[in-house]
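The exercises that follow ask the reader to work from individual residue pairs towards the elements that hold them. Please have the sequence and the model open side by side while going through each solution.

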Amino acid sequence: MPYHHLHLSFHVLVLCSLANSIYLSPSRFHKSPATAAGRLQNGTVEEDYYYQVTRPLPTDGTTPSCSLPLLSHDFADTYGSPPVSIDYSPPADCPGEWTSVVIEFNASCRGEQYDRIAAVWIDGVELLRTSTAEPTEDGIFWSVRKDVTRYASVFRRSDAILSVMLENIVNEVFTGVYHVNVSAYYYGGGNESEKIERFDLKNGDLGVGVETSGGELGKADRGMGFISLRRKSQPWFSWGKPAWLKKLDFITSREKEDEDREAGILLNDEDAVGRTKLRMSFEENAEKARKLGFVSDTIELEFPNDQASLSQNGGRIVGSGSEEPGRTSVSSNLLLNKPADKILPISSNGHDGFWFRIENSSAIHSRSVEIPLNTYRAILEVYISFHSNDEFWFSNPPDAYIQKNNLTTGRGNGSLRQVFATIDGIFVGSVVPFPVVFTGGINPLFWEPVVGIGAFNLPSYDIDLTPFLGTLLDGNPHEIGLGVTNGIQYWLVDANLHLWMDHASSQVDAKLVHYKVPNLSVSTDFKFTGLDGSFRISAKRKLYFAGWANSSLGNITTHVHQELEFKNTIKFKKNGTFKEVKQKTKTKLIVRLEAFSVLLLGRARSTTKYPLHILTTTLPKENNTSILTTNFSNGIKEDLSIILPNQIHVSSLSDSQKADGWMLVHDHSVLSGSSTTRQKYKYTDESGCYSQSLVANDAVRTTGIKKMQIKQKQPKESRNQAIQKGEEERKKRDSLVKLLLKEEGRGGGLVQLVNNCGWSIIIILADFDYPLNN
């Protein structure tokens, strides 16, 4: 793992017994010169390119409006030094509103070196958390590109300070110097709706949960309804418009016809007659509107073109912003997360990096903030990395096992961890982080040239604080705190507080109306005799927060439901020489927006799963060496759906790695070994899909397949032919839907089906009794 302030751990290893030697696995290693040689290319040794598998950014292949070199620095013996800092101001040649901003972190290194943790901040706001690859004698290089458009307000600051932290140690043993270049690329043009669509729908940043690409893990900003994947061969254009959907009397504008058809809302030319809305009166059909989840025509959002005369007039909501001239959607702005107006750092003073260093479970680090009184939405984005005794927290046994066997390791306190946030000491949310494995972790040979999931672009995690605006908007400073449940030495954690402000009002009124936080339900089953035993721990909890905020956008209530299921099992066998770690983490997040407490404006639903499995056998050899044989699998599965009155966004990410191999180690140095790493990556949304699969064998990429399928408009005659087949398809689909609804215990539902790359996605948009056929 990237170490921070632990110089002695590199050189002082206390191996009092075979048990301590065995217990090091999984652990952190570095490649010796014998295993760190470059590969021959046409008879000459060349530097190797290392990379993290991910999908392309929306801006890849396009020319930026301008670019700005930010920093070039050689991180040699920087241990104990403050971050490298420089002045920052936006480029003078394109200082305006950008559609996208991308940061690029390029690095190279040669020699012998451990992996290190690094981060980039502007005025204490973290933009990127990354780690380094372990170099070879002949050199390696890599590049990390991340879409940082959500920090646009920070990039617009003049006279700011950009800081980069990378603590490294260089001496007669560890000779690798990390050469780093950081640049920013600015993409301009287009109207505000294009900015939001490009950033949110294509890059998965929807502001409700974990970051995806650029950083692949995502913003588990998953959305609305029930999602099920079923293999289907027909293209999605062949489905036509279901009979039950026609009964809802949608009217869609001609100018948005193609756009809506691309999003899967329209599948029939006859449907394009006006603007999307549901014909019903709020006064007469409020309950029906609420059940269907659509905004009625009497509170349809209409905005003046000048965006200056903003007010609330009776039951009609008036606000700013536009999807088309003079018109927008409140729920679109809230759920699709346009970049925040202001971002406040929840971080330290920066001398040792802007992250908080958390070393025990009782430590809560906080920062006092006073937010603008016209804030109507708040998201806390948390950056997390784990190190030293807690780098492999998911494999830590309880302290009783360590003490009973007289082990000298500090890697204990069990295997359950969560990072939590507080406001003035009151719990307001938590996340269980994805188990990122750095390039020196478990077996360094696994991560050549493909690094572990998230290693080059660690995910951040969003906690919605909007329900707590009633507390924050009292004009007083408040302490935003961060801590780690069961955490030990040590975690690097900081956060960014994203704030959206009502520019038509100087004051937003808000109130917390629901706060349900039961204790984390934890069950354990620990059994061991000597060095052999099993340790099972499971945890679950359901959280519910709700609060309203009354701004010029209207009185909007935000409901946040979060569920956690966590299971971890650690087994030791054969006198501790065999170790198995199996962990499953599942989270579900639902965010609902309601107007006037009765009308559903939008709903987002995300489900995220982190399956992890490690099998390690240790065979002691002569001269204090050991052979470690490991089978490893790790992955992430995310499903997201967001439903708004006039659009649907659905995406799915599946990223899995499997590796196996052996290595001969002396202390923490890898002397020799062999490995094979396989990875499958697939991302799907309404725009199409991107997939990649590869095999890396003994640091040579032996197989690589990249596929990108972007949905294209079909010729009109093909579409008409598809519509003719629609009735038969609808019958098959209705049968499947009825089965799914039965499995879910639901009586009925409005169902939208989307097909990408051979998968059908079934989403229940709203619960109501409605026949599936005419």
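## Exercise 1: A hairpin

Ala421 has Gly429, a residue of strand S21, as its bridge partner. The model is predicted.

**Task.** Starting from this pair, establish in which sense S20 and S21 pair, over how many bridges, and how many residues of S21 are buried.

**Solution.** Step one is to place the pair within its two strands: S20 covers residues 418-423 and S21 covers residues 426-431, and the pairing between them is antiparallel, with five bridges. Step two is to look at the connection, where two residues separate the strands of this hairpin, and where Asp424 in the turn has a positive phi of about 55°. Step three turns to burial: five of the six residues of S21 are buried, so that the strand is mostly covered, by the criterion that buried means under 20% relative accessible area.

## Exercise 2: An open sheet

**Task.** Determine the order of the strands in the open sheet of five strands, and state which strands lie at its edges.

**Solution.** Reading across the sheet, the order is S4-S10-S7-S12-S5, and the pairing is mixed. The edge strands are S4 (48-50) and S5 (66-75), each of which pairs on one side only. When direction is ignored, neighbouring strands of this sheet are turned against each other by 15° on average. One pairing can then be examined in detail: S7 (residues 98-109) and S12 (residues 178-188) run antiparallel and are joined by ten bridges, and Val101 has Tyr186 of S12 as its bridge partner.

## Exercise 3: Salt bridges

**Task.** Which parts of the chain does the salt bridge between Arg145 and Glu104 tie together, and which residues form a network with shared partners?

**Solution.** The count of salt bridges comes to 13. In one of them the side chains of Arg145 and Glu104 meet with an N to O distance of 3.1 Å. Because Arg145 belongs to strand S10 (residues 140-147) and Glu104 to strand S7, the pair ties together parts that are 41 residues apart in sequence. Their accessibility is to be considered next: Arg145 counts as partly exposed at 25% relative accessibility, whereas Glu104 is buried, with a relative accessible area of 12%.

A second pair is Lys588 and Glu563, whose closest N and O atoms are 3.7 Å apart. This pair links distant parts of the chain, with Lys588 in strand S29 (residues 578-595) and Glu563 in strand S28 (residues 554-573), 25 residues apart. Lys588 counts as partly exposed at 23% relative accessibility, and Glu563 counts as partly exposed at 25%. The network asked for consists of Asp60, Glu104 and Arg145, which are joined by salt bridges that share partners.

A further salt bridge is formed by Arg129 and Glu126, at 2.6 Å from N to O, and both of these residues are buried.

## Exercise 4: A charged residue in a loop

**Task.** Decide whether Arg150 is buried or exposed, and find the side chain with which it makes a polar contact.

**Solution.** The location comes first: Arg150 lies in the loop between S10 and helix H3 (152-155). Its relative accessibility of 3% places Arg150 among the buried residues, because buried means under 20%. The side chain of Arg150 is joined to that of Asp462 by a polar contact of 3.2 Å.

## Exercise 5: Nonpolar cores and a buried leucine

**Task.** Identify the residues with the most contacts inside the largest nonpolar core, and then describe the surroundings of Leu472.

**Solution.** The largest nonpolar core has 138 residues, and those with the most contacts inside it are Phe155, Leu380 and Leu497. Strand S19 (residues 375-386) gives the most to this core, namely eight residues. Once residues up to four places away in sequence are set aside, the residues that Phe155 touches include Trp98, Ile122, Leu127, Val101 and Tyr186; the last two are the bridge partners met in Exercise 2. Another core, of six residues, lies apart from the largest one and has Leu445, Leu628, Met663 and Val665 among its members.

Leu472 belongs to helix H10 (residues 469-472) and is buried, with a relative accessible area of 2%. Beyond its neighbours within four places in sequence, Leu472 is in contact with Ile371, Ile423, His478 and Ile480. Between Leu472 and Val369 the C-alpha to C-alpha distance is 9.0 Å, although 103 residues separate them in sequence.

Methods. Residues are numbered from 1 along each chain as its sequence is written. This is a predicted model: local features need pLDDT of at least 70, side-chain atom pairs count only at pLDDT 80 or more; totals for chains, interfaces and linings use all residues. Side-chain values use heavy atoms; hydrogens and water are left out. Two strands pair if DSSP finds at least two bridges between them. Helices (H or I, at least four residues) and strands (E, at least two) are DSSP runs, numbered from the N terminus. Axes are lines fitted to C-alpha atoms, for helices over the stretch in contact, and angles run from 0 to 180 degrees between N-to-C directions. A salt bridge is a side-chain nitrogen of Lys or Arg within 4 Å of a carboxyl oxygen of Asp or Glu. Buried means under 20% relative accessible area, exposed over 50%, partly exposed in between (1.4 Å probe, protein chains only). A polar contact is a pair of N or O atoms within 3.5 Å; within protein, one must be able to donate a hydrogen and the other to accept it, and residues adjacent in sequence count only if both atoms are side-chain atoms. A nonpolar core is a set of buried Ala, Val, Leu, Ile, Met, Phe, Trp, Tyr and Cys residues joined through side-chain atoms within 4.5 Å. Contact means heavy atoms within 4.5 Å.
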